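Here's a set of exercises to work through with the model open beside you. Try each task before you read its solution.

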Amino acid sequence: MKFIDLRSDTVTWPTPAMRTAMAAAEVGDDVYGDDPTLIELERLAAEIVGKEASLFVPSGTFGNQLALFTHCPRGSEVIIPEHNHIIQHEAGAAAIIAGVQFRTVATDHGILTASDVASRVRIGDDIHYPPTSLVCLENAHSSGRALTLAEMDGPVRVARGAGVPVHLDGARIFNAAAAIGADPREIAKRADSVMFCLSKGLCAPVGSILAGSSAFIAAARRKRKIMGGGLRQAGILGAAGIVALKDMRGRLADDHARAKSLARELEAIPGVKVDRAGLDINMVFFSVDPKPDPGRFQTAMLARGILVNPPEDGQLRYVTHYWIGDAQLPAIIDATRAALPA
Ligand SMILES: *Cc1c(COP(=O)(O)O)cnc(C)c1O
């Protein structure tokens with residue numbers, strides 16, 4: 001990469017092995033259901049998260065919104081932590097596509113509790129109430145926290161007791177699995193549907209997966225077509241996804257280790273405070289006192305060949321990924337130190 005790009009793990013270019021696999025991919029027409037590479041990707045993806053079936057979708061946002069569209073009748077209610085991606089970063093799509101109402105919950109790093117769900121779930125015949133149709137969890141949470149299995153268990157138990165399905169936004173499920181030392185199946189088992197991204201730390205150029213029961217995925221396949229997500233020679237993209245799932249999951253712990261070492265070095269800079277509770281995966285969230293001018297900070301980093309996002313909610317975020325090696329860490333720290341007000 002020309003720049004050291006810390007903006008996100010979505011910036012990852014495909015690896016040489018992916019480009020080779022894409023060029024050689026055997027393809028068909030996936031809307032007719034006969035693209036062999038996509039069939040293999042969807043089989044492999046379902047197996048890795050322990051679900052009956054899965055569906056390739058163009059993006060993580062698409063997969064989440066398709067899950068809501070498939071699970072939830074219009075006008076029903078979804079219980080969800082207020083800082084989840086589905087609310088914060090999907091452009092209000094749920095109001096437009098699924099037509100659901102969100103019942104938001106203020107949480108610590110996306111940790112929804114059993115009582116959060118129990119006190120909000122609405123079932124019964126009262127015509128005033130929108131019926132609860134879904135509970136959403138996110139693991140790893142986009143605040144950098146990986147939820148433990150025990151933390152998932154509470155809200156899942158209450159949802160299941162009420163007959164309400166659970167959707168997991170697992171954009172970074174493999175980061176979560178590495179962070180808590182669990183098989184991704186153990187995480188996915190706690191949800192009826194799970195979305196995960198091939199296009200983040202796993203380096204595939206495009207695509208996410210929605211997985212669930214065979215009946216759920218059959219219904220989602222029709223709704224994916226409604227959303228314009230039926231792709232033809234999608235095996236070209238799926239070939240990179242297969243490499244992502246087979247070869248790229250095992251190295252995510254390296255990204256986590258680099259995020260932790262960046263955090264240690266950043267904490268040594270005066271005024272920097274790292275959010276230690278959100279340091280489970282490949283992201284370092286930190287604030288600086290006094291607050292740097294966002295534009296000036298970005299420009300000063302860029303002048304040293306480093307791309308960063310502007311602060312969000314007063315926090316900066318550095319994300320490690322495949323294209324950030326140990327060799328780049330000192331340059332990141334030196335540039336940050338120089339870019340901050342003395
Ligand atoms: C990135 C992300 C998504 C959406 O993925 P896109 O492919 O960017 O649409 C959804 N949920 C979480 C938690 C994410 O981090």
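The exercises below go from the ligand to its pocket, then to other empty space, and end with the backbone.

Before you start: this is a predicted model, where local features need pLDDT of at least 70, side-chain atom pairs count only at pLDDT 80 or more, and totals for chains, interfaces and linings use all residues. Residues are numbered from 1 along each chain as its sequence is written, and side-chain values use heavy atoms, with hydrogens and water left out.

**Exercise 1. Find the residues around the ligand and the polar contacts they make.**

Step 1. Pick out the neighbours, counting a residue as near if one of its heavy atoms lies within 4 Å of the molecule. There are 13 residues around the ligand, and Gly60, Thr61, Asp169, Arg172 and Lys200 come nearest.

Step 2. Look for polar contacts, meaning pairs of N or O atoms within 3.5 Å; within protein, one must be able to donate a hydrogen and the other to accept it, and residues adjacent in sequence count only if both atoms are side-chain atoms. The side chain of Thr61 has an N or O atom 2.6 Å from an oxygen atom of the ligand. For Asp169, a side-chain N or O atom is 2.6 Å from a nitrogen atom of the ligand. The side chain of Arg172 puts an N or O atom 3.1 Å from an oxygen atom of the ligand.

Step 3. Check the cover, using accessible areas from the Shrake-Rupley method with a 1.4 Å probe (for residues, only the protein chains shown count as cover). On its own the ligand has 380 Å² of accessible area, and the protein covers 85% of that.

Step 4. Sort the shell by class: Ala, Val, Leu, Ile, Met, Phe, Trp, Tyr, Cys and Pro count as nonpolar, Asp, Glu, Lys and Arg as charged, and the others, Gly among them, as polar. That gives three nonpolar, five polar and five charged residues around the ligand.

**Exercise 2. Which pocket does the ligand sit in, and what lines that pocket?**

Step 1. Set the terms. On a 1 Å grid over the protein atoms alone, a cavity is a set of points where a 1.4 Å probe fits but cannot get out, and a pocket is an open set with protein on both sides within 12 Å along at least five of seven lines; lining residues have an atom within 4 Å of a point. A molecule sits in one if more than half of its atoms lie within 2 Å of its grid points.

Step 2. Place the ligand: it sits in the second largest pocket. This pocket has a volume of about 180 Å³ (grid points are joined across faces, edges and corners, and a volume is the space filled by probe spheres set on the points).

Step 3. Read the lining. It has 20 residues, with Gly60, His85, Ala171, Cys197 and Lys200 nearest the centre of the second largest pocket. H3 gives the most to this lining, with three residues. (Helices, H or I with at least four residues, and strands, E with at least two, are DSSP runs numbered from the N terminus.)

**Exercise 3. Describe the largest pocket and the largest cavity.**

Step 1. Start with the largest pocket, which holds about 730 Å³ of space. Among its 23 lining residues, His89, Ser142, Ser143, Phe285 and Glu312 are the closest to its centre. The lining divides into three nonpolar, 14 polar and six charged residues.

Step 2. Turn to the cavity. The largest cavity has a volume of about 50 Å³, and its lining includes Ala171, Arg172, Cys197 and Lys200.

**Exercise 4. Locate the unusual backbone spots.**

Step 1. Recall the background: most residues other than glycine have a negative phi, and most peptide bonds are trans.

Step 2. Find the cis bonds. One joins Asn139 and Ala140, with omega about -5 degrees, and Ala140 lies in the loop between S5 and H7. Another joins Asp289 and Pro290, with omega about 0 degrees.

Step 3. Check phi. His109 is not a glycine, yet has a positive phi of about 50 degrees.
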